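Q: I have a structure open and would like to go through it with you. Can we start with the contacts and then move to the details?

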Amino acid sequence: MSSARTYDFVIAANRLPVDRIVHDDGSVEWQTSPGGLVTAMESVMRGREAAWVGWSGQPDEAPEPFLDNDLLLVPVPLSADEVAAYYEGQSNDSLWPIYHDVIVPATFKRRWAAAYEKVNRRFAQQCAEVAAPGATVWVHDYQLQLVPRMLRVLRPDVRIGWFNHIPFPPVELFAQLPMRHAILNGLLGADFLGFQRPADAENFLRACRRLLGARTKGDVVDVPETDRRVRAAAVPISIDAGGLAELAESEPVRQRAKEIREQLGNPRTILLGVDRLDYTKGIRHRMKAFGELLDDGRLSADDTMLVQVASPSRERVAAYRELRHQVERTVGNINGAHSPLGSTAVSYLHRSFPREEMAALYRAADVMLVTPLRDGMNLVAKEYVTCHEGPGALVLSEFTGAANELRQAFRCNPHDIEALKNTIMAAIEAPAAERNRRMRALHRQVTRNDVQHWAGKYLDALEHAPEKPPAP
Ligand code: ADP
Ligand code: F6P
């Protein structure tokens, strides 16, 4: 299919919205890709005539561009070596730890950095190929930080935005990266840079001043040795609240939520965790707190259950494999010590579920535990308050982007296990009227600031950059 220079709106993200799955019998299936980026962007892009440039999730394969309704999906090929070096190595073993407070140590390898540059160039070339004259190209996330500058060189006529779905680290951590200058210069190829929190944008501006000697005025950077100015500001992402609420209120999902409670033996309290199995999510801290509450006798597995959904993630990276062992060992220990006959204290589900099942789980849960040690936003928190009806409660780590907005949650510091235990108990024991009041406020917050609102704000900022857009 010829797609040369025909699209006025192009987005580039490491992954396409669908992953190509090849089964053992050779049959091929496309499944929704994991993670918050796709959850958010899939609904923003639905119904738009646009191109989405990204990887198919399989090494050594480059299917031809194909149409998914009005959206042209443009697969970018990655060899097995590039998956290992660009994706697992540089993106998820160098950048990811640095951008998440070095919860695990970062590893730096020169060949990973070289592969990152090579793959970013391929993405830039692919964007240059499909973008119409004067098009808008919206680049996403930490895997593609060199693309804005590379694309500007290839196509000075296009407007370029970049949005970071994860945190941007303080300069003291960022400065460790051997490719720190290349990343800052790469990003400064954009017209507008969007971040989850004001603190992330400030970290970026500080890095430009300290490491490039760039001048900044307010949220605008003067790009050294050019007459270009780039704006960097917070535009916190959200979810398709309307679509999800409709799904959660549908009869099949209501029924399924009831069924889930029955299947679990109608416990008085269902606690729920939903995460990619990632060390940033604080799953071990959450388990420790829950296990100790059972040990201390403050909770009993006879009437309380923790359901932990953990979708498989980045399983070839050592820190992720180690986390999986630790979590599974802990689940085993808690269940061994506390599960009643015929039931479990922790129900651990290491797989992905359809949206309907996730919505039913959110509806069924009395208390949602969102305890990351660091998270750009955390869409799960927003999904829970959108789906749940009645007196639910959200326990939310202050180290998530979502905590900036969801002020009526039960806030916690997951590093402080004693305080986390107390917060979980407070959420369980708060009077129904208080839980109702908090949930209503949270629900309103997400409904008013949904992902369509976010995309509108982002694109408005991109159009007017480096100036601020006029107030609505
Ligand atoms: P991240 O982008 O780091 O994965 P977010 O919380 O922002 O974290 O987004 C995670 C997204 O993935 C949410 O939309 C959530 O519903 C979805 N998700 C997480 N685990 C599963 C699972 N096991 N099955 C289906 N969807 C999942
Ligand atoms: O924003 C965080 C992120 O890395 C996204 O880029 C991606 O959607 C998600 O997490 C899942 O990660 P991966 O693509 O590595 O499976």
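Q: What share of the contacts with a separation of 6 or more is between residues 24 or more positions apart?
A: In this predicted model, 73% of the contacts with a separation of 6 or more are between residues 24 or more positions apart.

Q: And what percentage of the residues is buried?
A: Of the 472 residues in the protein, 49% are buried.

Q: How many helices and strands are there?
A: The protein has 16 helices and 18 strands. Its radius of gyration is 22 Å, close to the 23 Å from the globule rule for 472 residues, so the protein is as compact as a globular protein of that length.

Q: What does the C-alpha trace span along its principal axes?
A: About 65 × 55 × 45 Å.

Q: Next topic, domains. How is the protein divided?
A: Domain 1 covers 7-237 + 453-464, and domain 2 covers 242-448. Their C-alpha centres lie 30 Å apart. The contact between them takes 20 residues from domain 1 and 19 residues from domain 2.

Q: Which elements give two or more residues to the domain 1 side of that contact?
A: Those are α1 and α2. The largest share, four residues, comes from α1.

Q: What classes of residue are on that side?
A: The side of domain 1 that touches domain 2 has eight nonpolar, eight polar and four charged residues.

Q: Now ligand 2. Which residues are around it?
A: The residues around ligand 2 are N14, R15, P34, G35, G36, L37, V38, D141, H165, I166, S313 and R314. Two elements, β1 (7-15) and α1 (36-45), give two or more residues to this shell.

Q: Which element gives the largest share of the shell?
A: That is α1, with three residues. So α1 gives the largest share here, as on the side of domain 1 that touches domain 2.

Q: And the shell by class, what is the split?
A: Around ligand 2 there are four nonpolar, five polar and three charged residues.

Q: R314 was in that list. What is its phi?
A: R314 has a positive phi of about 45°, although it is not a glycine. Most residues other than glycine have a negative phi.

Q: Where does R314 lie, and is it buried or exposed?
A: R314 is in the loop between β14 (304-311) and α11 (318-338). R314 counts as buried because 20 other C-beta atoms lie within 10 Å, and the cut-off for buried is 20 or more.

Q: What about V102, what is its phi?
A: V102 also is not a glycine and has a positive phi, of about 50°. V102 lies in the loop between α2 (80-99) and α3 (110-130).

Q: Why does V102 count as partly exposed?
A: Because V102 has 13 C-beta neighbours inside 10 Å, and 12 or fewer would make a residue exposed, 20 or more buried.

Q: Which peptide bond is cis?
A: The bond from A465 to P466 is cis, with omega near 5°. Most peptide bonds are trans. P466 is in the segment after α16 (451-464).

Q: Last one, M287. Where is it found?
A: M287 is in helix α10 (residues 283-295). With 24 C-beta neighbours inside 10 Å, M287 counts as buried.

Q: Leaving aside neighbours within four places in sequence, which residues is M287 in contact with?
A: M287 is in contact with V327, T330, V331 and I334. I334 is 47 residues from M287 along the chain, with 8.4 Å between their C-alpha atoms.

Terms used
Residues numbered from 1 in each chain as written. Chains lettered and ligands numbered in written order. Predicted model: local features only at pLDDT ≥ 70, side-chain atom pairs only at ≥ 80, totals over all residues. Near = placed C-beta within 6 Å. Nonpolar A, V, L, I, M, F, W, Y, C, P; charged D, E, K, R; others polar. Domains from an automatic or database assignment. Contact = placed C-beta atoms within 7 Å. Rg over C-alpha atoms; globule rule 2.2 N^0.38 Å.
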